[in-house]
Amino acid sequence: MSTPAEADGVRTPDSTLLNAAVQRTLAAGSDSSLHRIKNAPGYVTPVFKGKQEQRAKVEAIVARKGFVPRELVANEVAWFYGYLGIDDTYFAAESEEVISDHIIALFGAKILAYTKHDPSKLVIDLEKIDENTGATFIHTSPPGKTATEGPGSNCEARIDALFLDKSTPEKAFRLETFRSHGAVSATASQQLRCYFVTKVNFPKVPPASTRTDGKTDIRTVSDPVFLEKASENTLEIYQNIMWAVEQRYGPVIEVFQVEGSREHRLVIGYKMGGTSKFFSALSNLYHFYSLYSARKYVEQFSNGITIISLYLNPLPDTNAPPIEHSIFQVKKEASLLYCLPDNPFFHPAAGEDSGHAVQEAVYAYCGWIFAQHFCNRLGPAYLALRNLLDESNAAHAEVLNDIKRRFREETFTRESIAQVIHAHPEIINLLYVNFAMTHYPEADEASQLMPTLSYQRLHTQQPLTDKELYDRIRRTVPNKHELQVLEAFLIFNKHVLKTNFYQPTKVALSFRLAPDFLPEVEYPKKPFGMFFVIGNEFRGFHIRFRDVARGGIRIVMSRNREVYSINQRMLFDENYGLASTQSLKNKDIPEGGAKGTILPALGASPRLCFEKYVDAVIDLLIPGQSPGIKEKIVDLYGKPELLFFGPDEGTADMMDWAALHARERGAEAWWKSFTTGKSAETLGGVPHDTYGMTSLSIRQYVLGIYKQLGLREKDVTKVQTGGPDGDLGSNEILLSSDKTVAVIDGSGVLADPHGINREELVRLAKFRKPVAFFDKSKLTKDGYLIKVEDQDVKLPSGEVVQDGTDFRNSAHLRFKADLLVPCGGRPEAVNISNVAALVDSEGKPHFKFVVEGANLFFTQQARLFLEKRKVVLFKDSSANKGGVTSSSLEVLAGLALSTEEYVEHMIFKDGKPSPFYQSYVRDIQAKITENAAAEFHCIWKEHSRLQGSKPRTIISDELSSTLNNLQAELESSDLFDDLPSRKGVMSRAIPKTLIDQVGLDTLLQRLPEPYQRALFSSWVASHFIYKYGVNGSSVDFFHFARDLAA
């Protein structure tokens, strides 16, 4: 049904309808989010007692300077002091010299306007800035409009950049700003806007608190100037806001209606540094709804909290919705602005009829970021080329990679995508309506009385079907490039399963996406689920390949703008690759592979980005139950989801915070398992390095080789990368008894062809010291230590090392030994371009055996090159999986134990672990040893069966794929539903220590069903394949399954 508003093409709701809704709501008093306060000043400006004396001095100074005719001086000074309506704050703060300069400047502006014969050209622009003490700004300002030129166009943005965004408890700035009551002259109607920024001075010894409930007393954390000016009512409001901010991670936003007037006060509290450019963005927001501010305040408190207070009034004689209605839209959209205050698609100066509302602008921004990642697809030309070339050929693979990179760089740039969005505001509006019709939450009873403006917008515009919308886009845009950008928005809409976009409070925007839109040519393995997170300072993804999955969260740092641009283009592909690799390693544990990536903007705090990323993801994991804070969202996925995060580059010290934050957010059932890599003493984590978890699995492969080939360990020569200062390096030294001939680490190269002194190596390993600290007196005459800082050093052989760093970087290619165990080093340290250096002139490899402890030390082509030359090589995803097994069992403990049991048994008491914890760690170590030994024998047996025709590297990959595929089949089968089989498997899959403590039946009640299915399936799949090999038959599985209940 068409409405008059639709017929005229105006997107504002029918004002009669809105007014009626307002009156009903006000009469019913039904909106719980509206607070009413008495019509009294929120701040009291102390009277400046020296004002008249100062005025006389200023008049004398103005007259002495001679710029103003003597007969006009008294009148100009009187107007400035008496009729402009400037607050006494200004006169108390400024010197007579500064005030006299301002009066002369005002007089000069009047003269200039007179010569133009246009009073409206009267422009005042006065300022004084000291970045250490504060600033004063005074300029002409039309109410309710965002200036696009002149002094008002950048004043608030400068205040944000110079003072508010930089505020910390150690150096903070408060702001008072108000509009003058009078006009600048008798002939010009302009008003002045005054801003006063002052450095706060928190007392060194704060006053004693009067509270007995342990809550923060606002008087103990305030600046004395604020306490002098704020009314009791303001203190009470700010006190409650402060308490709410202390309890919440995101902003606290409240609306107060002033009795007997149409003025509303918007009060926003948040933690310092939580956002940036926010104060200036708020002005753009309320101007969009034809509101103006009489006064604004920004207060800072020594406990790290910022509170903004805006006194808002409706502009007279406008067609805008009434303030009683629009104020709630301002409140709702202030939350979005907090997430993305610096948005190029929000054009408030154009007015509501032609600009995007904040919600539409934020939607446009999210679509812009989405299009940057998913418009630059490679298409049929790339596929045809890939089919012609051989990806296993290093030269061909390099050509394909170059072409892929070129496509991504040149097809759709950030700028070209933005141009398309700016060029088609009406299409973007239709796309937003299409998005909102799905994800806008159902109205509750109170909001049905007075639906928000965004709800009205949706219902005063005829939504199009997907086909109609696509047809409209196709007919509107002039070329294929623009069509593809706008199609990306439609793809985005169709694949969002849930989002926090409409949550009342949030710190970043998160979207759970169905990954069906990913093209198979580029992403042959389809992820199970994707999260897409957008913040003011970052963007990020989380990809998992099974419902129950775990993997690290990596922060991708950029040294400069060029590197940032590359990282930005490749972020999703890197995330996909990491998650896919992780799924190979997670082959015999319940969790499939997953990975998260966060790309901070240049100069952004990595910690802040991580915290916002985590909070935004949790928004989609926990159903909202707090009206006005976290409400229910539209969930098209319809099932509970569990994510497990682990440490990765840049996040190792953030896992504790994430677990505790999940608990604060109400994740009582899973906060303990939400992250791995937690502190052992305070949060019950199981550190891999302390207990040598990763080294245990590496060790099984080394021992397996010795056993299969009948070797004595003490006779085996070994080269090791990664020194005694690292996790893997130190544990490899402590667990082994071989003849180590070289150790290469970050500090240098230690070598001795007769075997490095083991006692000295063990000493360094126990103290976690690099090889640079090796006692050189323990070397034989042929041994040496080259540190990275060394230059022009002669080796015992007579060779001269010119540069220690260069020598270290290539040292892994020069030594010969029976065994190479990489325990550290750069990824792809051995690749197709340098692997030939590991083979001598007679074609004999430098090493007989390689156990790849460090992740990605070899490229796949390099591994295959060595195996072709009869090197016994076990790749990283098989050899170093002990760490993921340990983390998996850390997750299990978190899910299985109640909070009380977890605190009792997993968290240290007086710095010491409980008997339960020690026993559970032994169970983990036994499980790692069992799994690693089983996989080693499976790979060895398969290689022997095929008489060496298939490399162990390929067997390892196929084993991982077969295990993952079988596990996926089992998860969707009914084998799990057979209770005796389920109990039989669970009793063997769950560590004995846990079963003894909790009981199997209780565990089966506590563990989420998706996790139980994953645990059951992973145990059955791994034990079947490790027993029967990758070619186990259906009959073999029948016999195997028959014994599960035993």
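## Overall picture

A residue is called buried here when its relative accessible area is under 20%. By that cut-off, 57% of the 1046 residues in the protein are buried. Please keep in mind as you read that this is a predicted model.

The protein has 41 helices and 25 strands. Its exposed surface comes to about 43700 Å², and carbon and sulfur atoms supply 52% of that area. How many of the contacts between residues at least 6 apart in sequence join residues at least 24 apart? The share is 71%.

## The sheet of 9 strands

Let us start with an open sheet of 9 strands, which has mixed pairing. Going across the sheet, the strand order is β1-β6-β7-β9-β8-β4-β5-β3-β2. Which strands stand at its edges? They are β1 (34-37) and β2 (125-130). Each of these has a single partner strand, so one side of each is left without a neighbour in the sheet. From one strand to the next, the twist averages 15°.

Within this sheet, strand β8 (residues 291-301) pairs with strand β9 (residues 305-314). The two run in the antiparallel sense and share 10 bridges. If you would like a residue to look for, try Gln300: its bridge partner in β9 is Thr306.

## Helices against that sheet

Two helices are worth finding next. Helix α9 (residues 232-247) lies across β1, β6 (252-258), β7 (264-271), β8 and β9. Its direction is at about 40° to β7. Helix α11 (residues 323-339) packs on the sheet too, touching β1, β6, β7, β8 and β9. For helix α11, the angle with the direction of β7 is about 15°.

## Ser280 and its surroundings

Ser280 is found in helix α10, which covers residues 278-288. Is Ser280 buried or exposed? With a relative accessibility of 13%, Ser280 counts as buried, because the cut-off is under 20%.

What does the side chain of Ser280 reach? One polar contact, of 2.7 Å, joins it to the side chain of Asp160. The Ser280 side chain also reaches the backbone oxygen of Lys277, at 3.4 Å. Leaving aside residues up to four places away in sequence, Ser280 touches Glu156, Ala157 and Asp160. Asp160 therefore appears both as a polar partner of Ser280 and among the residues it touches, while the cut-off for burial puts Ser280 itself on the buried side at 13%.

## Aromatic pairs

The count of aromatic pairs comes to 66. One of them brings together Phe374 and Phe541, whose ring centres are 6.0 Å apart. Why is this pair called edge-to-face? The ring planes stand at 85°, and planes over 60 degrees apart count as edge-to-face. The pair links distant parts of the chain, since Phe374 belongs to helix α12 (residues 358-374) and Phe541 to strand β13 (residues 538-544), 167 residues apart. Both Phe374 and Phe541 are buried.

Phe908 and Tyr917 offer another example. Their ring centres lie 5.1 Å apart and their planes are at 80°, so this pair is edge-to-face. Phe908 is buried, with a relative accessible area of 14%. Tyr917 also counts as buried, at 1% relative accessibility.

## The sheet of 7 strands

There is also an open sheet of 7 strands with mixed pairing, in the order β20-β19-β18-β17-β23-β24-β25. At its edges stand β20 (784-787) and β25 (872-874). Each has a single partner strand, so one side of each has no neighbour in the sheet. The twist averages 15° from one strand to the next.

Strand β17 (residues 717-721) and strand β18 (residues 739-745) pair in the parallel sense, over 5 bridges. Thr721 stands opposite Ile744 in β18.

## Gln720 in strand β17

Gln720 has its place in strand β17. How buried is Gln720? Its relative accessible area is 0%. A polar atom of the Gln720 side chain lies 2.9 Å from the backbone oxygen of Gly722.

Which residues does Gln720 touch, not counting those up to four places away in sequence? They are Gly729, Glu732, Ile733, Ala742, Val743, Ile744, Val821 and Cys823. One of these, Ile744, is the residue that Thr721 stands opposite in β18.

Technical notes:
Residues are numbered from 1 along each chain as its sequence is written. This is a predicted model: local features need pLDDT of at least 70, side-chain atom pairs count only at pLDDT 80 or more; totals for chains, interfaces and linings use all residues. Side-chain values use heavy atoms; hydrogens and water are left out. Helices (H or I, at least four residues) and strands (E, at least two) are DSSP runs, numbered from the N terminus. Buried means under 20% relative accessible area, exposed over 50%, partly exposed in between (1.4 Å probe, protein chains only). A polar contact is a pair of N or O atoms within 3.5 Å; within protein, one must be able to donate a hydrogen and the other to accept it, and residues adjacent in sequence count only if both atoms are side-chain atoms. Contact means heavy atoms within 4.5 Å. Accessible areas come from the Shrake-Rupley method with a 1.4 Å probe; for residues, only the protein chains shown count as cover. Two strands pair if DSSP finds at least two bridges between them. Axes are lines fitted to C-alpha atoms, for helices over the stretch in contact, and angles run from 0 to 180 degrees between N-to-C directions. Rings of Phe, Tyr and Trp (its six-membered ring) pair if their centres lie within 6.5 Å; planes under 30 degrees apart count as stacked, over 60 as edge-to-face and the rest as tilted.
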